[in-house]
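Please examine the sequence and the structure shown below before reading further. The report is meant to be read with both in view.

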Amino acid sequence: MTDAIEPTDGPDGTRPADAADAPDAPAPPQATDPADGTGSKGATPGAGPGRVLLPIATAARTRAAVGELLRPQRGLALRGFAVMVVATAVGLLTQPLLGRVVDLAADNRPPSAITTTVVLLVAVAVTQGLTTGLGLSLISRLGETVLARLRERFVERALGLPLEQVERAGSGDLTVRVTGDVSLIADAVRNALPELARSLLAIVLTLGALALLDWRFLLAALLAVPIQVHTARWYVRRAVPLYAEQRVANGAQQQQLLDTIGGGATVRAFRLEKEHTERVAERSWSVVGLTMRGVHLVLSFYSRLHIAEFIGLAAVLGTGFLLVREGAASLGTATAAALYFHSLFTPINSALVLIDDAQSAIASLARIVGVADLPLPEEPARAATPRDASVTVTGLGHAYQDGHPVLDGVELALAPGERVALVGASGAGKTTLAKLIAGIHRPTTGTLRLGGERLDEIGPAAIRRTVALITQETHVFAGSLADDLRLAKSDATEAELRDALDQVDALAWVEALPDGLDTVVGDGGHRLSGARTQALALARLILADPPVVILDEATAEAGSTGARALEKAVARAVDGRTALIVAHRLTQAATADRVVVMDAGRVVESGTHDELLATGGRYAELWDAWSGTRRTGPATPHGPLDTGPAAAPGPDGPPGS
């Protein structure tokens, strides 16, 4: 179980924090694989150096996925189609009735002669309106049902993705898919799909009605088709790759903004404002350039359509003139034919314009299907069960980039119920080790065992039940505070919620909230401080009741007073559990059963607080530096890399080390 996963990418979005702190670690090579909708999994230009974006489904796979989603809704689809056919057919009676009015006027009939025709026109309008409304509602229900299934499948896969894969892709890619892509598809389903269905039916049935008037009217109207077909094919060939490239560029822009704003403290500390501003500008201008290409493409598209309309209408009017002159058709029939063709302007233009929305939606759909098709992490055929809450690390090594190890030959053993503090300077590999034990990353070398069983033999689901990871970036979910807590245990009673809050000294302030446990928190709700947010995470930890707990600088966001209260809460929350605490403050190390010191990706010291102080080694140096800082002034801020390369290291360096 992971309460909050701290991103391991550096503030510039190029590499994980440990790798970034490793000596002489070069920037990864620029990605070269295009995200062209072919389903390739390579990194994508514009995605940022080192990014390996989530996959994009091929066109064939996207069509197959839509078919799979529609198959269970065939009955609803047929009913909607049938009603729309009736509505469109009824509407096509309007033109012949208007032609009848023209014939009556041409024959100098009295005004009363058109009464019946006018009544029929009113009946046609009412019937068409009612049936069109019913048909569109059925098609909208079909679209919303399919969209809901696709969204549920996407969210299921997104939540089940290995966190290592999400971190490699960057949060921007997944964020754009969850927000922009899903919203674009939803808009297409709610607006474009019903309109497209109605337009296509109107086109087909109107052409059939022209043929019933006189086949020569149909031939005249079809003169516009070659231009329209050529225009559509010309547009699609250019629009599909353009919109796919645009979605990738939007994701890259989002990621760069997240990296720059999220790493603002580091950007300022290293005076990288100009470099990051240039990166944001580069990503933004890339999006602007692609958008303007799209605008020019659409303008050219409409220009060609207008030419087709002119040719078709001129041909129908010319044919009507010849047929009326020869007596082969009445003036009313020719009028009806011209009105039929003119009525095609709206559905044809709508259908072709909707191609624009459709291409953008298809590009987004391919990105959604690419994630929805990802296999869930495989569980072992016969999952092993940990015998106890021990943790054993043997010969562990890990590298984010080949040839630049972050961990090397780490040996560590945690006995059941033991509380171990992990300390070290920034870049020592503490966060990486914590995430490896939590199952977020797979080690490059060595083995990890929980309760004597290898992690790959236990399986992802059992690891989540066995190990909980809490970082300083805990999230407050939107909803009532009680619902937020029940994410850890859905059937928890109110008494259990109160007991968990009481154990972390949070019950008093929760009861003081406007509505107590029913107070709405998160986005749009009551704002909670960093210390209170972490207290909620600790309460969820107690409710989830995992045997192994990893706390990665879980008190770093709290002030001095809040940190002391949180440290007491942490002690109660991990009581009786095996705990690995990446210590932000060395007071946590002083009260731990054992202290493990890391340096340059290795364990260099291990022992109790008093033992390590007596030896005068690395831990004693860290303790002296930390104690001296506390005596002489405020502690150095523990933001990402905010100590600077020339500053004396803090007790464990910045978050993400």
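The following report treats a pocket, a surface patch, several salt bridges and two loop residues in turn.

The structure is a predicted model.

**The second largest pocket**

Rolling a probe the size of a water molecule over the atoms shows where empty space is left. In this model, the second largest pocket has a volume of about 1200 Å³. Its lining comprises 41 residues, and those closest to the centre of the pocket are V66, L193, A358, I362 and L365. Several helices contribute at least two lining residues each, namely α2 (59-70), α3 (74-91), α5 (115-160), α7 (171-213), α9 (225-262) and α12 (331-372). What classes of residue make up the lining of the second largest pocket? There are 34 nonpolar residues, together with 4 polar and 3 charged ones.

**A nonpolar patch on the surface**

Nonpolar residues also appear on the surface, where W285, V288, M292, V295 and L299 form a patch. Together these five residues have about 490 Å² of accessible area. L299, one of them, belongs to helix α11, which covers residues 273-326. Is L299 buried or exposed? The relative accessible area of L299 is 51%, and a residue counts as exposed over 50%, so L299 is exposed.

**Salt bridges**

Side chains of opposite charge can pair when their charged atoms come close. Over the whole structure, 16 salt bridges are found. The table presents three of them, with the distance between the closest N and O atoms.

| Salt bridge | N to O distance |
|---|---|
| R153 and E68 | 3.8 Å |
| R540 and D484 | 2.1 Å |
| R498 and E494 | 3.2 Å |

R153 forms its salt bridge with E68. This pair connects distant parts of the chain, since R153 lies in helix α5 and E68 in helix α2, 85 residues apart. R153 has a relative accessibility of 24% and therefore counts as partly exposed. E68, at 31%, is likewise partly exposed.

R540 is paired with D484 in another salt bridge. Here too distant parts of the chain are linked: R540 is in helix α19 and D484 in helix α16 (residues 481-486), with their positions 56 residues apart in the numbering. Are R540 and D484 buried or exposed? Both residues are buried.

The side chains of R498 and E494 also meet in a salt bridge. These two residues lie in helix α17, 4 residues apart, which is about one turn of the helix. R498 has a relative accessibility of 30% and counts as partly exposed. E494 is partly exposed as well, with a relative accessible area of 44%. Elsewhere, salt bridges with shared partners join R61, E68 and R153 into one network.

**Two loop residues with positive phi**

Two aspartates remain to be described. D505 is not a glycine, yet it has a positive phi of about 55 degrees. D505 is located in the loop between α17 (494-503) and α18 (507-511). Why does D505 count as partly exposed? Its relative accessible area is 48%, and partly exposed residues fall between the limits of 20% and 50%, so D505 belongs to that class.

D545 likewise has a positive phi, near 55 degrees, in a residue other than glycine. The position of D545 is in the loop between α19 (530-544) and β9 (548-552).

Methods. Residues numbered from 1 in each chain as written. Predicted model: local features only at pLDDT ≥ 70, side-chain atom pairs only at ≥ 80, totals over all residues. Heavy atoms only, no water. 1 Å grid on protein atoms, 1.4 Å probe; cavity = no way out; pocket = protein on both sides within 12 Å on 5 of 7 lines; lining within 4 Å. Points joined across faces, edges and corners; volume = space filled by probe spheres on them. Nonpolar A, V, L, I, M, F, W, Y, C, P; charged D, E, K, R; others polar. Patch = residues over 30% accessible without salt bridge, like charges linked within 9 Å, V, L, I, M, F, W, Y side chains within 5 Å. Areas by Shrake-Rupley, 256 points an atom, 1.4 Å probe, with all protein chains shown as cover. Salt bridge = Lys/Arg side-chain N within 4 Å of Asp/Glu carboxyl O. Buried < 20%, exposed > 50% of the residue type's maximum accessible area, 1.4 Å probe, protein only.
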